[in-house]
Amino acid sequence: MEKKQHIAIYTTASLPWMTGTAVNPLFRAAYLAKHARRKVTLVIPWLSPDDQELVYPDKIRFSSASEQEAYVRRWVEERTGFTCDFDICFYPGKFALDKRSILPVGDITEIIPDEESDVAVLEEPEHLTWFHHGKRWKTKFRLVVGVVHTNYLEYIRREKNAMQANLAKHVNNWVVSIYCHKVIRLSGATQEFPRSVICNVHGVNPKFLEIGKKKKEQLENGDEAFTKGAYYIGKMVWNKGYRELLKLLKDHEKELSGLEVDLYGKGEDSEEVKEAAQKLKLAVRVHSGRDHGDPVFYDYKVFLNPSTSDVVCTTTAEALAMGKTVVCANHPSNEFFKQFPNCLMYDDGVGFVAATRKALADDPAPLTDEQRHELSWEAATQRFLRVAGLEEGVDGSRPIMTRKNFASASLNMGTKLEDVSAFVHYAGSGIELFRRLLGAIPGSMHANEQQRKEVGLPSSSKS
């Protein structure tokens, strides 16, 4: 029997943290493994009890990795409706308060045995490799594909300054070029990288498509499918679209007279958002955060989303899947959604008013089967396999990927320079003072014995 190709998907977050880098790689693993043509392993961070307290919501805590694995499997299988036949492994992680992110501890390439090191998918490759000190990813794996989720430069510009953003741009380019053979950018809203392509390789949770299917049936039967007006949902921080939305509503109160908008979210700016909403003449109600799949959202007709900080906005895709009309900015992050008739884009305040009025006046067009498929994880998986160069031939054979193919120009100057660059990164990341100056968590160069034990790694002489 031919050995299955092995794909290891490394990501920077895990459920129950409901962030994109926890949810989307989980669905990717499920759908890649669905047809049993390949072996898939999802590699996610394991946090200490103290860090779990900082990250995981609703007092959800795990005393062991196996306990968290069971939680993750149950969650995804409830939403896909099929048994998810992929492995889950953990790497030691620590939560960085200043970055509000989980960073790897030690050499996480060793999680996957050498004999299974075919393909590595690095979800947020820059994030996973900033402080990597261990085996070079391109040496360990035959193919390394980075999937860029986050517009880090935009966040740094907003929260810090342009100089730091420019430094981050060069560091990101450096580490990604060293460690990835190919890079997939979800949209043009991300930083440009060498050897990159733009393709949205994400789909929506199947339950949103089911909601949309029921709404389509209601519309086709002549029933009133949508009884509520406009809403927005997102983490309640100013840079997640709330600043833009409230400004648009304030600037055009007269033209939008009678408009009612419900805002759903929670976050560090919740009180400020609530105060700003109360000052408007329009009826803008602020509610606590909910899951977008909550029945409270089923009957809204219009999703207003002026945010431009996302790379591809998951809630926009979910709203379209539920059969709603979306009003969003004409921005690279929304390019994928232009193909859907229910997506109305605007360039300025006048356009926002026109699009909002039209969306509220007209019923959304029922999604066709082709449009539903384009939003699905089945289609997203097909796009991923195509742009990653992993599509199977008509005979079912796997693409041949050898180190010789990727190193055929190993003697040219470019490859030599990359090898030198990789060595410089390895040497620098092995100096604790240098790591700290760049923002690494103290003591994260190597996993200690307890951390290794918790994720099932063999004991090491380094602690």
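Which residue in E2 is the bridge partner of His6? In this predicted model, the partner is Lys39. That pair belongs to the match between strand E1 (residues 5–10) and strand E2 (residues 38–46), which run parallel and share six bridges.

**The eight-stranded sheet**

E1 and E2 sit in an open sheet of eight strands, ordered E4-E3-E2-E1-E5-E6-E7-E8, with mixed pairing. At its edges you'll find strand E4 (101–104) and E8, each of which pairs on one side only. Ignoring direction, neighbouring strands here are turned by 30° against each other on average.

Two helices worth a look lie on this sheet. Helix H1 (residues 20–33) lies across E1, E2, strand E5 (119–123) and strand E6 (143–148), and runs at about 160° to E2. Helix H14 (residues 377–387) packs on the sheet too, touching E2, E5, E6, E7 and E8, with its direction at about 145° to that of E7.

**The six-stranded sheet**

There's another open sheet, built from six strands in the order E11-E10-E9-E12-E13-E14, and here the pairing is parallel. Strand E11 (283–287) and strand E14 (343–346) are at the edges with a single partner strand each, so one side of each has no neighbour in the sheet. From one strand to the next, the twist averages 25°.

Inside this sheet, strand E9 (residues 228–233) and strand E10 (residues 260–264) run parallel and are joined by four bridges. If you want a spot to zoom in on, try Tyr232, which stands opposite Leu263 in E10. Helix H9 (residues 242–251) lies across E9, E10, E11, strand E12 (300–305) and E14, and its direction is about 165° from that of E10.

**Two helix pairs**

Now for helices meeting helices. Here are the axis values for two pairs.

| Helix pair | Axes come within | Crossing angle |
|---|---|---|
| H1 and H3 (residues 65–80) | 11 Å | roughly 70° |
| H6 (residues 152–159) and H7 (residues 162–179) | 8 Å | roughly 160° |

Take H1 and H3: the axes cross at roughly 70°, and that makes H1 roughly perpendicular to H3. The crossing of H1 past H3 is right-handed. On the H1 side the contact uses Val23, Leu26, Phe27, Ala30 and Tyr31, and these meet Val72, Trp75, Val76, Arg79 and Thr80 of H3. Sorted by type, the contact residues come out as eight nonpolar, one polar and one charged.

What about H6 and H7? With a crossing angle of roughly 160°, H6 and H7 are therefore roughly antiparallel to each other. H6 also passes H7 in a right-handed crossing. Tyr152, Leu153, Ile156 and Arg157 make the contact from H6, while Gln164, Ala165, Ala168, Lys169 and Asn172 do so from H7. This set splits into five nonpolar, two polar and two charged residues.

**Salt bridges**

How many salt bridges does the count come to? The total is 28 salt bridges. One of them joins the side chains of Arg195 and Glu418, at 4.0 Å from N to O. This pair links distant parts of the chain, 223 residues apart: Arg195 is in the loop between strand E7 (182–185) and strand E8 (196–198), and Glu418 is in helix H16 (residues 413–429).

Notes:
Residues are numbered from 1 along each chain as its sequence is written. This is a predicted model: local features need pLDDT of at least 70, side-chain atom pairs count only at pLDDT 80 or more; totals for chains, interfaces and linings use all residues. Side-chain values use heavy atoms; hydrogens and water are left out. Two strands pair if DSSP finds at least two bridges between them. Axes are lines fitted to C-alpha atoms, for helices over the stretch in contact, and angles run from 0 to 180 degrees between N-to-C directions. Contact means heavy atoms within 4.5 Å. Angles under 35 degrees count as roughly parallel, over 145 as roughly antiparallel, 65 to 115 as roughly perpendicular and the rest as oblique. A crossing is left-handed if the near helix is turned anticlockwise from the far one by less than a right angle, and right-handed if clockwise. Ala, Val, Leu, Ile, Met, Phe, Trp, Tyr, Cys and Pro count as nonpolar, Asp, Glu, Lys and Arg as charged, and the others, Gly among them, as polar.
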